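Here are a few short exercises to work through with the model open beside you. Try each task before reading its solution.

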Amino acid sequence: MYNKSDIELKVAEFLLQIKAIKLQPNNPFTWASGWKSPIYCDNRITLSHPQVRTYIRQKLAQAIQEEFGSVDVIAGVATAGIPQGVLVAQELGLPFIYVRAKAKEHGTGSLIEGEVVEGQRVVVIEDLISTGKSSLQAVEALRAAGLSVAGLAAIFTYGFEKADENFAAAKCRFLTLSNYAALIDYAAEHSIIAKSDMELLGKWRLNPSEWGQGQVLSSES
């Protein structure tokens, strides 16, 4: 049985343990967008840890079967979703394809690589969801190619309202193994962050574009 709460916390534990996720509420990272962020996530690091990648592969496969039912093919989103997608496809014994960020400028000019069969039911694999923009571009590419997108599965989400809105507008269901709220709860419970920083971290998720702009980040007086 797919126990969502236990899995959320276990994946959070793994991601913090192998430093795929780093938390620095008082010394924030700067994203390419210019946003200040207390969190940095690089789920590609999971691929270097067999125990972690096996757990993620198995739980993604289990969640797909329970939440989306029978599917014909797994699709990865380039680039970080490709290796995760291959692992899940192997676990489920299914064909694999992937969606490029943009079509090739040579040869066939393909946007989707692999054997595409119109009418097949597909689940998209992503490593991380922020606003969902790049993930949903892949969803639209698959739909345009004649595939039926059952939904999208990812390792982690920041839990932005914008992502929920974007997926709802695209009429695309999605699930993740863990999320920002579970991560913060685990980190506070295990003294990875100070409990006094939880309010500060919570404010970032609600308004990431403005967080850290012109404010004193430390929660200590």
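**Exercise 1: The pocket lining**

Helix 4 is the largest contributor to the lining of the largest pocket, giving six residues. Keep in mind that this is a predicted model.

Task: Find how much space the largest pocket holds, and which residues lie closest to its centre.

Solution: Start with the volume, which is about 620 Å³. Next, turn to the lining, made up of 29 residues; Glu 126, Asp 127, Leu 128, Ser 130 and Ser 134 are the closest to the centre. Then look at the elements: strand 4 (39-41), strand 8 and helix 4 (133-144) each give two or more residues to this lining. Finally, sort the lining by character, and you get 15 nonpolar, eight polar and six charged residues.

**Exercise 2: The sheet**

Task: Work out the strand order of the open six-stranded sheet and say which strands form its edges.

Solution: Reading across the sheet, the order is 7-6-5-8-9-10, and the pairing is mixed. The edges are strand 7 (112-113) and strand 10 (174-179), each of which pairs on one side only. Now zoom in on strand 5 (residues 73-77) and strand 6 (residues 96-99): they run parallel and are joined by four bridges. Within this pair, Val 77 is opposite Val 99 of strand 6.

**Exercise 3: Helices on the sheet**

Task: Identify which strands helix 2 and helix 6 touch.

Solution: Take helix 2 (residues 50-68) to begin with: it touches strand 5, strand 8 (121-129), strand 9 (148-157) and strand 10, and its direction makes about 140° with that of strand 9. Helix 6 (residues 180-189) also packs on the sheet, touching strand 9 and strand 10, with its direction at about 10° to that of strand 10.

Technical notes
Residues are numbered from 1 along each chain as its sequence is written. This is a predicted model: local features need pLDDT of at least 70, side-chain atom pairs count only at pLDDT 80 or more; totals for chains, interfaces and linings use all residues. Side-chain values use heavy atoms; hydrogens and water are left out. Two strands pair if DSSP finds at least two bridges between them. Contact means heavy atoms within 4.5 Å. Axes are lines fitted to C-alpha atoms, for helices over the stretch in contact, and angles run from 0 to 180 degrees between N-to-C directions. On a 1 Å grid over the protein atoms alone, a cavity is a set of points where a 1.4 Å probe fits but cannot get out, and a pocket is an open set with protein on both sides within 12 Å along at least five of seven lines; lining residues have an atom within 4 Å of a point. Grid points are joined across faces, edges and corners, and a volume is the space filled by probe spheres set on the points. Ala, Val, Leu, Ile, Met, Phe, Trp, Tyr, Cys and Pro count as nonpolar, Asp, Glu, Lys and Arg as charged, and the others, Gly among them, as polar.
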